[in-house]
Amino acid sequence: FSPLSLSPRSPPPALHTCQGLARCLPDEGQVNTSGPRLLLSTPHPASSSSTAMDRIFSALLLSFLLLLQSYNVCGSPPQPRGTLCRTKPTDLVFIIDSSRSVRPHEFEKIKVFVSRVIEGLDVGPNSTRVGVINYASAVKNEFSLKTYHTKAGLLQAVRRIEPLSTGTMTGLAIQFAISRAFSDSEGGRVRSPNFNKVAIVVTDGRPQDGVQDVAARARAAGIEIFAIGVGRVDMHTLRQIASQPLDDHVDYVESYSVIEKLTQKFQEAFCVVSDLCATGDHDCEQICVSTPGAYKCACKEGFTLNNDGKTCSACSGGLGSALDLVFLIDGSKSVRPENFELVKKFINQIVDSLEVSDKQAQVGLVQYSSSVRQEFPLGQFKNKKDIKAAVKKMSYMEKGTMTGQALKYLVDSSFAIINGARPGVPKVGIVFTDGRSQDYITDAAKKAKDSGFRMFAVGVGNAVEDELREIASEPVAEHYFYTADFRTISKIGKKLQMKICVEEDPCECKSIVKFQTKVEDLINSLQQ
């Protein structure tokens, strides 16, 4: 099985006791945790941690480095070959808001989210137990931790839940979780380092009671609080509820229609992984490369990975091909100045790992908002130092989002010979956006791909998935990336596949092994 992709182009796979993620470990061993955790649904803070987002963008750009550098390296990239996951033993209670502000069809989306999380768990009396609290003006215990010990029973019970459609007593619901839902009489286990106590609270409004004191009591009892907010939720209240650091414990989605995008975060939070390379549980002929919960195969220098993803063939050598790369960067006001600086770092870290010269990589940069501005064309700068200096000097346009107009400029001007493009050299465009385009993109996106340009689409936050898919080259899964939460962009770096090399014979490129090792080490250091 392959690791879960963050791209939302397909729905999350059904996970049955880790099936769909991987082969599961036997139900033995222990998980060391710091105590119970409470996960609450809240909005993302308006101002995110610069350091956290710096790490995020670094990991994302390194993914593209691997993709782009494979123009100049020997062999096919390592392919994901397998995963191994066992979910942590957990007492898990969902606390879901069904107040009158949550419409019936929106409540159905909450139930789908709950079901998706449950599908990724190891459910059983000695592993994970699940309960659900439904609240509005009053609190209703839909089922407790001791009620169902099978995944099928839990999923059927979730489908039967109906909204209460009255007020919003979030504090009362949290108090109920502390005093009753996690109690021995309802199936709660005595606090132990061997398992977690978790409550996921989903809410979309301002509570009609106090939450600060009751949340403090929950945290004092060892409950770690995560917050996911929907729509016009009250941020201040949710920060009062969430544990520190807030950047790690507060999440936000703009509507219930996209709440499923947070499913994987919680599936991964409950997952304990093992090193398949270390255990020898792999089928790689030469090199096994460990990744979180998975592995992929690679080849020694002078060899290329075959299509089966596990065996290797000797390379005949070669210097590889040149590359014309243009960044198309969203400079609209929704990006915000602090994030625009991170985008500039994203560009420069890719530039750092390119071989820039007249005969190898050339880089161009275009920024767009309500209009399009060429920052510099292909070939204007002949070395990395000058390119990076020009990127740093780029000013933030801070207006609208005319992505279609920008794509048309890319096709008509950026890759034109008069602007430095070289005939016969592979053309790659990386489009970065965080919002819906204010103009029509279909024709320009199609023309770019029909012209033979390799187009990557990267969306964050409010970027529209259908638009990103239109921009991305085929196969879309390898060229289209999206995350609703800046913190999860780092996961993209673990999932991307390095399949840019355009040579018919992969051995026409230089060895990928040394470069891949260098980048993976850097990703690990950034995450630490």
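Mentor: Angles under 35 degrees count as roughly parallel, over 145 as roughly antiparallel, 65 to 115 as roughly perpendicular and the rest as oblique. This is a predicted model, where local features need pLDDT of at least 70 and side-chain atom pairs pLDDT 80 or more, while totals for chains, interfaces and linings use all residues. Residues are numbered from 1 along each chain, and side-chain values use heavy atoms, without hydrogens or water.

Trainee: How are H10 and H11 oriented to each other?

Mentor: Helices H10 (337-352) and H11 (384-393) have axes that come within 10 Å and cross at roughly 175° (C-alpha line fits over the stretch in contact, N-to-C angles from 0 to 180 degrees; helices are DSSP H or I runs of at least four residues, strands E runs of at least two). Contact (heavy atoms within 4.5 Å) involves, among others, Ile347 and Val351 of H10 with Ile387 and Val391 of H11. The two helices are therefore roughly antiparallel.

Trainee: How far apart in sequence are phenylalanine 340 and tyrosine 396?

Mentor: Their rings are stacked, 4.9 Å centre to centre with 25° between the planes (pairs have centres within 6.5 Å; under 30 degrees is stacked, over 60 edge-to-face, the rest tilted). Both residues are buried (under 20% relative accessible area; exposed is over 50%, partly exposed in between, 1.4 Å probe, protein chains only). Phenylalanine 340 lies in H10 and tyrosine 396 in the loop between H11 and H12 (403-414), a separation of 56 residues.

Trainee: And what kind of pair do phenylalanine 376 and phenylalanine 381 form?

Mentor: Phenylalanine 376 is buried, at 3% relative accessible area. The ring centres are 5.1 Å apart and the planes at 80°, so the pair is edge-to-face.

Conventions: Phe/Tyr/Trp six-rings, centres within 6.5 Å; stacked < 30°, edge-to-face > 60°.
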